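Here is my note on the model, point by point. Please read it with the structure open.

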Amino acid sequence: LGLALCAGSLCVVSGATFLYHDYCVIGAGPAGLQVAYFFQQAGRDYIVFERSHAPGSFFALYPRHRKLISINKQYTGKSNSEFNLRHDWNSLLSHDRRLLFRHYSRDFFPNADTMVRYLEDFASLLKLQVQYNTAIIHVTLEKNEQAWNGHYFLLTDQDRKNYKCSCLLVAAGTWVPNVVNFPGSEYVEGYETVSINPEDFTGQTVLILGRGNSAFETAENILGVTNFIHMVSRSRVRLSWATHYVGDLRAINNGLLDTYQLKSLDGLLEGDLEDLAIVKDKKGKLHITLRFYLENRNISSDIDSITLPQDELDNFATRAPYDRVIRCLGWKFDFSIYNRSLRMMPGKGNIKKYPQIKPSYESRGTRGLFVLGTASHSVDFRKSAGGFIHGFRYTTRAVHHLLENRHHGVPWPSTVYPITQLTNSIIKRVNEASGLYQMFSVLADIILLRDNATIFEYLEEYPIGVLAELEMQTGRKARNGLFVIIMEYGRNFSGADKDVFYYNRAVGEAQHAWQSNFLHPVIYYYKHLPTEREMRLRHPDWPLPRPDAIHHIVEDFLTDWTAPNAHILPLRRFLENCLSTDLRNFFAESCFLFAFTHEKLPPSCQQGYVRMQGLVGGQELRHHAVQAGLLQDYTHTDFSDDRPPDSHDGSQEQLMRDHGIPVHPLQHLVNAKDE
C-alpha cells in the first residue's frame, strides 16, 4: 500500500518524490510546442520534456541533405491570413504574427536549419514551459480513483527524477530507424549515418533500400557522380501528385525516375527485402543474392562457393556488384519506454510503425494518454496530412478542445447565427478555412440546428471519426439535425496507378458536381446524429455514414467557391430543401407584400423586416432592383418628397404611407403575422 502526501506541485508516494503537473508532454518538436501554446493560452498547469538542449532536435539532423519538402509559399494574391495558411506548411498556430515562417525564409522549400531556429523562437517568444535535457526513459501508471482518468502517469527521466501527471500527451514523433535484418545486413549503411558528401560516391555503384522521400533524396544527392544507382523496395513507387498524399514521393526528389525511364543506367526494382542476402567478396564488392541460396551455407564462406542468382539466370537484374548499400526505410515510434500497464501497442499492417489510437487521438489502451504529431498519423495514414506540420497543427488544436471540455468543462468553441446566415457561413469557411483544406476527410465543420431551425451553432474543425460522440466530446447538443462540411477528392481520382492528367479530368458544371475529382467541399445532412454502430459499419472508403442528403460543391480551378450560379445558388437550394424553408434575402418591399400574401414569412423577413431591420427601397435602390429583376415595377410611388432617398428615419412608416395604408393597423397586422 502506498500513502501519497501532496503539497502544491510536490508529491511523495511510498518514499519517492514526484513533481506534479496536470499535463505532461513528451517531446518539444512542432506538435509538443503547439499543444504547449494552447495550454499556455488557457492557463493550464503543464510541462514539456525535451531530451535535447533545444526544441526540434529531429530537424537538427533530418533531413540529412537539409532541404525540407514542406512548401513555404510567400505570395497567394490574398491578404486573408487564414487562407494563406493553406499554402504555408511550416508555421505553427499562434496569435503572434512574427511567428509566421515566411518571416524566417523566402525559399519555397526551406532549409531544415531554419526550422530549428523557428522552433527555438516559438518556444522562447511565447515563454512556453519546456524542460530541456530531460529524457523520459520510463512511463507507468498508478491507479487512483480520485485522478481525472482513474490513474496518474508516473514518468522517470535519465537522472532518476520522477514526475506525475493526470494527462499524458506523447509528441515524440517517430525517430527510431526502420531496420530489416537479413544475411549480410551488417554491410548496409543507414540513412542516419551515411556520408552526404557527393565526392565520397564518385565512380561508385550504389544500391538503395527503400522508396520514400529519404531514399530519393539520397539518390538525388549523388545522381551525378555515381556509375549507376539501383533502388529496391517491396512496393511500387507512389507519386504524391497521383496519390494526393504529401508523404509519397515529391517531384523535388524524383530525378532518378527520369534517368530510369530515359535509360541512363539507373533503375528501380520491386522485391521483399527480407528475401535478400548480401555477400562480400575479397575486393570488398557487395553481391546481391537470395536468402534461400544461403540456407545451408555459411555467409562467411568464400563467394566462389556460394550460389548466386546469375548462376542460374544469367540476366539477373542485380548481377553487377555494388560498392555500397544504403538503407533508407524511414522511422518508427519508440515503444520501449512505456510500461506494459499503459498497453501502448503498435498498429497493424502498414501502420505498425505507429501506436494504436482512436480517431480522437487518445490511446486505445489507456484513457488520458494522447498521441500528437507525426506519431498520430495512423488516423489518416496515406489519406490526409496528419503526419506533417500543416496537418497536425490542427489536430493538436482539436485535442486541446477535447481536453478543455473533458477536464475543465469548457465546451467546444462555437458561434450562433440566425438561419439566414447559413449559406454565407458555409461559403466563407470553404473559401478560407485552412484546417478543412489541409485535413480533408478528417476534420469537419459541424452545423447544429437549433430552435426549430431558426438559428444554428457553428463548430469548426471537429474530428469526424468521433462524430457519434459529438455531444459528449464537445458539450454541445445535436437534437434538431446537423450539417457536416468536409473537403474531399473524387472517389476514384487518387492512387499510385492513377493517371491524374487525363483529358477532361475536371468537372465544370454544377449538375455534375458529384463527379468532381479535385479537392472540393461536400456537405452532409443528417436528421439525427449518426450512431457509433453507423460509424463502425460505414463503407471503408466513405469518411461518414450514409446521410439523409448530400451536396457536392463543384470543383474550382482557382479553389474559389464564390461563383453565384455554379457554387452559391446550388448550395442554397440544397439547404432550403433540407430545411423546407426559403433562405433568400428580401427587400423590405417584398417582405411587406409577403405579409399579405403568405401565411408564413421567409426567415429573412421574420428576422429582418418585421424587426425593423434590413434594406428599405429608396428611388435609386428601387430602380436598381427593378433593373436586376429583383423587384416588380408594380408601383408608381412618388419619392420626390423632402426627405433624402436614403434616409432611414421613419422608413417603415413612410413605406406604408407610400402604399396609402394607415400605419398603426398595418403594424398590428405585421406583428400578428410575425407571431
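1. Start with helix 9, residues 422-432. Nine of its eleven residues are buried, so the helix is largely enclosed by the rest of the structure. The buried set holds Leu422, Ile426, Ile427 and Val430. The set also includes Thr423, Ser425 and Asn431. Two charged residues, Arg429 and Glu432, are on the list as well, together completing the buried residues of helix 9. Keep in mind throughout that this is a predicted model.

2. Arg429 deserves a second look. Besides being one of the buried residues of helix 9, Arg429 belongs to a network of salt bridges. The other members are Arg397, Asp445, Glu460 and Glu461.

3. How many salt bridges does a search of the whole structure find? The count is 20. Side chains of opposite charge can pair when their charged atoms come close. Three individual pairs follow.

4. Glutamate 362 and arginine 406 form a salt bridge, with the closest N and O atoms 2.9 Å apart. This pair links distant parts of the chain, its residues being 44 apart. Glutamate 362 sits in the loop between strand 17 (331-332) and strand 18, while arginine 406 is in helix 8. Is each partner buried or partly exposed? Glutamate 362 counts as buried because its relative accessibility is 3%, under the 20% cut-off. Arginine 406, at 24%, counts as partly exposed.

5. Glutamate 488 pairs with arginine 491 in another salt bridge, the closest N and O atoms being 3.0 Å apart. Glutamate 488 is buried, at 1% relative accessibility. Arginine 491 is partly exposed, at 44%.

6. The salt bridge between glutamate 576 and arginine 572 has an N to O distance of 3.0 Å. Both residues lie in helix 13 (residues 564-579), four residues apart, or about one turn of the helix. An α-helix has 3.6 residues a turn, so residues three or four places apart point the same way. Glutamate 576 counts as buried at 11% relative accessibility. Arginine 572 is buried too, with a relative accessible area of 18%. That value falls under the 20% limit, and therefore arginine 572 is not classed as partly exposed.

7. Now the aromatics. The whole structure holds 34 aromatic pairs. One of them joins tyrosine 104 and tyrosine 118. A pair of aromatic rings is described by the distance of the centres and the angle of the planes. For tyrosine 104 and tyrosine 118 these are 5.2 Å and 90°, an edge-to-face arrangement. The pair links distant parts of the chain, 14 residues apart. Tyrosine 104 is in the loop between helix 3 (81-84) and helix 4 (112-125), and tyrosine 118 is in helix 4.

8. Both tyrosines are buried. Tyrosine 104 has a relative accessible area of 13%; tyrosine 118 has 0%. Ring pairs also tie them into a cluster with Tyr37, Phe38, Phe101 and Phe122.

9. Check the backbone at three places. A cis peptide bond joins tyrosine 62 and proline 63, with omega about -10°. Proline 63 is in the loop between helix 2 (57-61) and helix 3.

10. Tyrosine 361 is not a glycine, yet has a positive phi of about 70°. Its place is the loop between strand 17 and strand 18. Tyrosine 361 is buried, with a relative accessible area of 3%. The loop between strand 17 and strand 18 also holds glutamate 362, from point 4.

11. Asparagine 504 is the other non-glycine residue to inspect, with a positive phi of about 60°. This residue is found in the loop between strand 22 (482-488) and strand 23 (520-526). Is asparagine 504 buried or exposed? Asparagine 504 counts as exposed because its relative accessibility is 61%, over the 50% cut-off.

12. Last, the surface. Arg234, Lys332, Lys352 and Arg382 form a positive surface patch. Arginine 382 is in the loop between strand 18 (369-371) and helix 8 (389-408). At 34% relative accessibility, arginine 382 counts as partly exposed.

Methods: Residues are numbered from 1 along each chain as its sequence is written. This is a predicted model: local features need pLDDT of at least 70, side-chain atom pairs count only at pLDDT 80 or more; totals for chains, interfaces and linings use all residues. Side-chain values use heavy atoms; hydrogens and water are left out. Patches are made of residues with over 30% relative accessible area and no salt bridge: like charges are joined within 9 Å, nonpolar side chains (Val, Leu, Ile, Met, Phe, Trp, Tyr) within 5 Å. Accessible areas come from the Shrake-Rupley method with a 1.4 Å probe; for residues, only the protein chains shown count as cover. A salt bridge is a side-chain nitrogen of Lys or Arg within 4 Å of a carboxyl oxygen of Asp or Glu. The place of a charge is taken as NZ of Lys, CZ of Arg, CG of Asp or CD of Glu. Buried means under 20% relative accessible area, exposed over 50%, partly exposed in between (1.4 Å probe, protein chains only). Rings of Phe, Tyr and Trp (its six-membered ring) pair if their centres lie within 6.5 Å; planes under 30 degrees apart count as stacked, over 60 as edge-to-face and the rest as tilted.
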